[in-house]
Amino acid sequence: MIQQIAFNPTRRRSLAWLAALAATVPFWTASAAAPRRIAVTARRFVFTPDRIALRKNESVILELTALDVVMGFSVPDLGIRADLPPGMKVEVPIQAASAGSHLFLCDIFCGSGHESMNGQIVVS
Ligand SMILES: [Cu+2]
């Protein structure tokens, strides 16, 4: 017995629609991806790490914790700053639109040595 499959334009349209929908799935998952989290500690007179590498347009959350006294965290190029009360995790979202190197620093005087308390965010 030979079964004949008739051309069904409605079915063909629904398959095309499904294929188009499936093609968008990677974009959904990319945009819904959770931001990468990077833990950063601050203590007199150093940030650890003092070099943070990001990809351009990558969505990142810095989890900043001061270990001893009140510190400030500032990235002037990116318009970012936060107070860091000791022992409290402070989340700072960051996303750099262009490649380059951006200085970050402590902007609250925390003792002799404060002036050299800085690091680099390197975006590639
Ligand atoms: Cu300081």
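A residue is exposed if 12 or fewer other C-beta atoms lie within 10 Å of its own. I keep that cut-off at the top of the page, along with a reminder that this is a predicted model.

**Entry: Arg 55**

I began in the loop between strand 3 (51–54) and strand 4, where Arg 55 is found. Is Arg 55 buried or exposed? I counted 12 C-beta neighbours inside 10 Å, so Arg 55 counts as exposed. I also looked up a partner far along the chain: Val 122 is 67 residues away from Arg 55 in sequence, yet their C-alpha atoms are 8.3 Å apart.

**Entry: the open sheet**

Next I traced an open sheet of four strands and wrote down its order as 2-1-4-7, with mixed pairing. Strand 2 (46–48) and strand 7 (89–94) are the edge strands, each pairing on one side only. From one strand to the next I noted an average twist of 25°. I then followed strand 4 across to strand 7, and found an antiparallel pairing over six bridges. One of the pairs I can point to is Ile 61 with its bridge partner Pro 93 in strand 7.

**Entry: the hairpin**

Strand 5 (residues 71–75) and strand 6 (residues 80–84) were a pleasant stop: they pair in the antiparallel sense over five bridges. Together they form a hairpin with four residues between them. Val 75 has Ile 80 of strand 6 as its bridge partner. In the turn I checked Gly 79, and its phi is positive, at about 65°.

**Entry: Ala 66**

Back to strand 4 (residues 60–66), where Ala 66 lies. Ala 66 has 26 C-beta neighbours inside 10 Å, and therefore counts as buried. Which residues does Ala 66 contact, leaving aside its neighbours within four places in sequence? I listed Ala 42, Met 71, Leu 84, Pro 85 and Pro 86. Leu 84 is 18 residues from Ala 66 in sequence, but the C-alpha to C-alpha distance is 5.7 Å.

**Entry: the core**

Last, I went through the largest nonpolar core, which has 19 residues. Those touching the most other members are Ala 42, Leu 64, Met 71, Phe 73, Leu 84 and Cys 106. Strand 1 (36–43), strand 4, strand 5 and strand 9 (118–123) each give two or more residues to this core. I looked closer at Ala 42: not counting residues up to four places away in sequence, its contacts include Phe 47, Leu 64, Met 71, Phe 73 and Cys 106. Ala 66 and Leu 84 from my previous entry are among the contacts of Ala 42 too. In soluble globular proteins, nonpolar side chains tend to be buried together.

Note on methods
Residues numbered from 1 in each chain as written. Predicted model: local features only at pLDDT ≥ 70, side-chain atom pairs only at ≥ 80, totals over all residues. Buried ≥ 20, exposed ≤ 12 C-beta atoms within 10 Å, placed from the backbone. Contact = placed C-beta atoms within 7 Å. Pairing = 2+ DSSP bridges. Axes fitted to C-alpha atoms, helices over the stretch in contact; angles between N-to-C directions. Core = buried A, V, L, I, M, F, W, Y, C linked by C-beta atoms within 7 Å.
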